Amino acid sequence: MVEQFVGKWKLIESVKFDDYMKAVGVNFSLRNLAKVIKPTTIISIDGGTVTVRTQSAMKNTEINFNPGEEFSEKTADGRDTKTTVTIDNNKMVQVQRWDDKETTLVREMKDGKLILTLTMGDVVCTRTYEKDA
């Protein structure tokens, strides 16, 4: 089921991203920089290992995981999290935990676009990506 997410995806729309970054504790300076950057996400699979690379003018990040197995993640904003990614009902659900906090990132396909929904408490952000040729 991960195969549908494989490819290079460029950000085309972002709704409530600043609110989400505030909720997870990103500082003002970093939020202002992150708001104007249009990252590209590259998702690949090799055997059972999934790789999600995010590239931007600000910072590049990469996570490698086997679905359902917890791993340590250093986020682009500097958080050290314990992260688990599962594939459920054609959705890639990423849960990050740190300092007694938790956020959820859900990737799903809609109308040929990759929709990333980020949730922290009652704050919900949606970022839409289209496939890059």
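This briefing introduces the sheet, the helix beside it and the nonpolar core of the structure above. The model is predicted, so to speak of local features a pLDDT of at least 70 is needed, side-chain atom pairs count only at pLDDT 80 or more, and totals for chains, interfaces and linings use all residues. Residues are numbered from 1 along each chain as its sequence is written, and side-chain values use heavy atoms, with hydrogens and water left out.

**The sheet**
- Ten strands (DSSP E runs of at least two residues, numbered from the N terminus) form an open, antiparallel sheet in the order S4-S3-S2-S1-S10-S9-S8-S7-S6-S5.
- S4 and S5 (71-74) are the edge strands, each with a single partner, so one side of each has no neighbour in the sheet.
- S1 and S10 run antiparallel and are joined by six bridges; strands count as paired if DSSP finds at least two.
- Val-15 has Thr-126 in S10 as its bridge partner.

**The helix**
- Helix H1 packs on the sheet and touches S1, S7, S8 (101-110), S9 and S10; contact means heavy atoms within 4.5 Å.

**The core**
- The largest nonpolar core has 27 residues, and Tyr-20, Ile-43, Phe-65 and Met-92 have the most contacts inside it.
- Such a core is a set of buried Ala, Val, Leu, Ile, Met, Phe, Trp, Tyr and Cys residues joined through side-chain atoms within 4.5 Å, where buried means under 20% relative accessible area with a 1.4 Å probe, protein chains only.
- Tyr-20 touches several residues beyond four places away in sequence, including Thr-103, Leu-118 and Cys-125.

Note on methods
Buried < 20%, exposed > 50% of the residue type's maximum accessible area, 1.4 Å probe, protein only. Helix = DSSP H or I, 4+ residues; strand = E, 2+ residues; numbered from the N terminus. Axes fitted to C-alpha atoms, helices over the stretch in contact; angles between N-to-C directions.
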